[in-house]
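Reader: Please take a close look at the surroundings of the bound ligands in this model, and set them against the rest of the fold. A connected account would suit me better than a list.

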Amino acid sequence: MKFELKSERVFDMIAIGRACIDLNATEYNRPMEETMTFTKYVGGSPVNIAIGSSKLGLKTGFIGKLADDQHGRFISNYIQNLGIDITGVVIDQAGHKTGLAFTEIKSPEECSILMYRENVADLYLEPDEVSEDYIQQASALLVSGTALSQSPSREAILKAVSLARKHQVKVIFELDYRPYTWTSKEQTSIYYALVAEQADIVIGTRDEFDILENRTGNNEQTIAYLFQHTPQLIVIKHGVEGSYAYTRSGDVFQSKAYMTKVLKTFGAGDSYASAFLYALFAGKDIATALKYGSASASIVVSKHSSSEAMPTVSQIEQLIAADEIEAQYR
Ligand SMILES: Nc1ncnc2c1ncn2[C@@H]1O[C@H](COP(=O)(O)OP(=O)(O)O)[C@@H](O)[C@H]1O
Ligand SMILES: O=C(O)C[C@@H](O)[C@H](O)C(=O)COP(=O)(O)O
């Protein structure tokens, strides 16, 4: 079964939200207190997904506010060099800073992120900086949940979603829950529900869907709730236990995670989303798209970064093919 995402537009997908800096511990397998050097990468879930999709061949754009500083210019140059359209990028004029994420890699199982997100430029995107002309040039708009955490970014996102719906641009909502940017779970749930109920595709981990629903639930309860509204496709990830896709027509698809030598666990979600969406755009069926997402995540968790490590189509296909051959001998 397929899910039609592609339409004849200038861009396949425009992502909206944050573009920041990841500083990943260079000496890993130790606590951050003992880490002396960090390697710099572009980071931030929505821009990571744009980077991954662009690397796989999607025509991608990005809407977001960047700080008018060295980090902002690094991000802008990096994504432009990858072929991501930056027409929708706005440069902050009020002295706000680029968000930083220091990542601690204590062991492959024990990773954490220390985020510096006070007065970050991305959360100052104004509604009037979101262009209707730009959004209508895309087949799909990818929205990050974190961008709903504060005004004026919150209103900018709500405007983008409403413009997308007006112009039949498919809305993909990546829940991307980062607790430190929110005041309360109650508040998160209200804004998450507002966008999830208007989205075509909702992607998140089981824990993130619990945040959306403000309860500890299960996948059956989630789909019963969301299919009363606009969503057509719901993807629920369960970490190493694999992931599920549910369609409004009642089909359920499942993919296992592809086991690998894990270096760190972060980056899994963004690489998963970019390859899953790429596969849908490429006309693959949903079951195959789940494999692409899972294989892509497996590749990224074995590497040091989230953005730079995003795989190519052939790396993903080789991993899936190798696993299928191996399965014959299991
Ligand atoms: N340790 C792992 N090894 C291989 N694949 C993994 C691992 N952890 C996650 N994945 C893959 O990445 C996907 C997303 O991971 P998950 O942890 O659920 O998302 P997030 O990074 O958004 O929290 C999973 O469905 C799985 O396919
Ligand atoms: O999203 C951020 O601001 C930080 C990311 O760049 C970081 O690499 C990360 O946490 C990736 O998250 P995940 O893909 O959801 O694991």
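Author: By class, five nonpolar, seven polar and two charged residues make up the shell around ligand 2. The model is predicted, and what follows describes that prediction.

The shell around ligand 2 holds 14 residues, and those that come nearest are G43, S45, G269, D270 and S306. Three elements, β2, α1 (45-55) and α8, each supply at least two residues of this shell. The largest share is that of α8, with three residues.

Ligand 1 has a shell of 18 residues, among which K237, A268, G269, S294 and A297 are the closest. Two elements give two or more residues to the shell around ligand 1, namely α8 and α9 (286-301). Here α9 gives the most, with four residues. By class, the shell around ligand 1 has eight nonpolar residues, nine polar ones and one charged residue. G269 is listed among the closest residues to ligand 1 and also among those nearest to ligand 2. Helix α8 likewise contributes to the shell around ligand 1 and to the shell around ligand 2.

Helix α8 also leads into the interior. It spans residues 268-281 and provides 10 residues of the largest nonpolar core, the largest share of that core. The core as a whole has 96 residues, and those with the most contacts inside it are I14, F62, L141, V143, A160, I172 and F276. In soluble globular proteins, nonpolar side chains tend to be buried together. L141 shows how one such residue is placed: leaving aside residues up to four places away in sequence, L141 touches I14, I16, I135, A160, A164, V169, V171 and I172. Of these partners, I14, A160 and I172 are themselves listed with the most contacts inside the core.

Strand β2, another contributor to the shell around ligand 2, belongs to a sheet. This open sheet has four strands in the order β3-β2-β6-β7, and its pairing is mixed. The edge strands, β3 (38-43) and β7 (111-116), each pair on one side only. From one strand to the next, the twist averages 25°. Strands of a sheet pair through backbone hydrogen bonds, either parallel or antiparallel. Strand β2, residues 20-25, pairs with strand β6, residues 100-105, in the parallel sense over four bridges. Within this pairing, A101 in β6 is the bridge partner of D22. At the edge of the sheet, β3 covers residues 38-43, and G43 is one of the residues that come nearest to ligand 2.

Definitions and conventions. Residues numbered from 1 in each chain as written. Chains lettered and ligands numbered in written order. Predicted model: local features only at pLDDT ≥ 70, side-chain atom pairs only at ≥ 80, totals over all residues. Pairing = 2+ DSSP bridges. Axes fitted to C-alpha atoms, helices over the stretch in contact; angles between N-to-C directions. Core = buried A, V, L, I, M, F, W, Y, C linked by C-beta atoms within 7 Å. Buried ≥ 20, exposed ≤ 12 C-beta atoms within 10 Å, placed from the backbone. Contact = placed C-beta atoms within 7 Å. Near = placed C-beta within 6 Å. Nonpolar A, V, L, I, M, F, W, Y, C, P; charged D, E, K, R; others polar.
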